[in-house]
Amino acid sequence: MIKVLTKLLKALGANTNPGEIAHAASCGLLLGLMPKNNILWYLILIFILFMRINKPAYALLVLAGAAIAPFFDGVLDAVGYWFLTIPALSGAFGALLDVPFVAFTRFNNSIVMGSLLCALVAYIPVYVCMRVLIALWRRFLVPVLRNNFVSKVLGKLPLISKAADLLGDE
């Protein structure tokens, strides 16, 4: 877990593409909010692993999304129930359930559908917010942390010598 965190901090301060980190945050939130007991979660996971994103940021944000998801179950359930009970879509949902293996995605579960819809709606705002936060991090916080006395002293400790490079090279 510490390796993942150090890789993320290196990516935040290094000259990596901020879009990769922002997409990782959005994708991590998408999978973090969804329940993990369906095939849809695994299909999205495999699809995202083939994308060019920052994998440490992705892993941390899947965990963060999974940690906050139980607090939003009521909202996700309400959104999913609303979408699944739209009369115009009931025929399409019924036809999808007749297709083999589609039922394993559990798209007809209100929390699965609600989390998918909410994460898709939040994808672009999360992406934009992460791009802004990364720009602020790199512009203001990285120079302060690099020139800080405490970080210079901690960088010389043997235990932290591997992580002394946390903010990356520019």
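Is Phe101 buried or exposed? In this predicted model, Phe101 counts as exposed, because its relative accessibility is 67% and the cut-off for the exposed class is over 50%. Phe101 is found in the loop between α6 and α7. Its backbone also has a positive phi, near 70°, in a residue other than glycine. A second residue with a positive phi is Arg106, where the angle is near 55° and the residue is again other than glycine. Arg106 belongs to the loop between α6 and α7, and it counts as partly exposed at 29% relative accessibility.

The overall architecture is considered next. The protein contains eight helices and zero strands, and the order of its elements from the N terminus is α-α-α-α-α-α-α-α. The protein has 170 residues, of which buried residues make up 33%. When contacts between residues at least 6 apart in sequence are examined, 76% of them join residues at least 24 apart. The protein exposes about 10400 Å² to its surroundings, and carbon and sulfur atoms supply 74% of that area.

The interior may be described through its nonpolar core. In soluble globular proteins, nonpolar side chains tend to be buried together. In the present model, the largest nonpolar core holds 25 residues, and those touching the most other members are Leu30, Leu31, Met34, Ile44, Ile48 and Tyr58. At least two residues of this core come from each of the helices α2 (18-33), α3 (39-49), α4 (55-68) and α7 (110-146). The greatest contribution is that of α2, which gives nine residues. The surroundings of Leu31 illustrate how the chain is brought together here. With neighbours within four places in sequence set aside, Leu31 is in contact with Lys36, Trp41, Ile44, Leu45, Ile48, Tyr58 and Val62.

Trp41, one of the contacts of Leu31, also takes part in an aromatic pair. In total, five aromatic pairs are counted in the structure. The ring centres of Trp41 and Tyr42 lie 5.0 Å apart with the planes at 85°, so this pair is edge-to-face; the cut-off for that class is an angle over 60 degrees. The two partners differ in their accessibility class: Trp41 is buried, with a relative accessible area of 10%, whereas Tyr42 is partly exposed, with a relative accessible area of 41%.

A further pair is formed by Phe93 and Phe107, with 5.8 Å from centre to centre and 45° between the planes, an arrangement classed as tilted. Phe93 is part of helix α6 (residues 90-98), while Phe107 is in the loop between α6 and α7, so the pair ties together parts that are 14 residues apart in sequence. Phe93 counts as buried at 13% relative accessibility, and Phe107 is likewise buried, with a relative accessible area of 8%. Both values fall in the buried class because they are under 20%. Phe93 and Phe107 are joined by Trp82 and Phe83 in one aromatic cluster.

Thr85 is located in the loop between α5 (73-84) and α6. At 41% relative accessibility, Thr85 counts as partly exposed. Although Thr85 and Asn108 are 23 residues apart along the chain, their C-alpha atoms are separated by 10.0 Å.

Charged side chains provide another connection. The structure holds one salt bridge. In this salt bridge, the side chains of Glu20 and Arg52 meet at 3.0 Å, N to O. Glu20 lies in helix α2 and Arg52 in the loop between α3 and α4, so parts that are 32 residues apart in sequence are tied together by the pair. The two residues also fall into opposite accessibility classes. Glu20 is buried, with a relative accessible area of 17%, while Arg52 counts as exposed at 70% relative accessibility.

Finally, nonpolar side chains are also found at the surface. A nonpolar surface patch of about 570 Å² is made by Ile124, Val128, Val132, Leu133, Leu136 and Phe140. Ile124, one of these residues, lies in helix α7, a helix that also supplies at least two residues of the largest nonpolar core. Ile124 itself is exposed, with a relative accessible area of 57%.

Definitions and conventions: Residues are numbered from 1 along each chain as its sequence is written. This is a predicted model: local features need pLDDT of at least 70, side-chain atom pairs count only at pLDDT 80 or more; totals for chains, interfaces and linings use all residues. Side-chain values use heavy atoms; hydrogens and water are left out. A nonpolar core is a set of buried Ala, Val, Leu, Ile, Met, Phe, Trp, Tyr and Cys residues joined through side-chain atoms within 4.5 Å. Buried means under 20% relative accessible area, exposed over 50%, partly exposed in between (1.4 Å probe, protein chains only). Helices (H or I, at least four residues) and strands (E, at least two) are DSSP runs, numbered from the N terminus. Contact means heavy atoms within 4.5 Å. Patches are made of residues with over 30% relative accessible area and no salt bridge: like charges are joined within 9 Å, nonpolar side chains (Val, Leu, Ile, Met, Phe, Trp, Tyr) within 5 Å. Accessible areas come from the Shrake-Rupley method with a 1.4 Å probe; for residues, only the protein chains shown count as cover. A salt bridge is a side-chain nitrogen of Lys or Arg within 4 Å of a carboxyl oxygen of Asp or Glu. Rings of Phe, Tyr and Trp (its six-membered ring) pair if their centres lie within 6.5 Å; planes under 30 degrees apart count as stacked, over 60 as edge-to-face and the rest as tilted.
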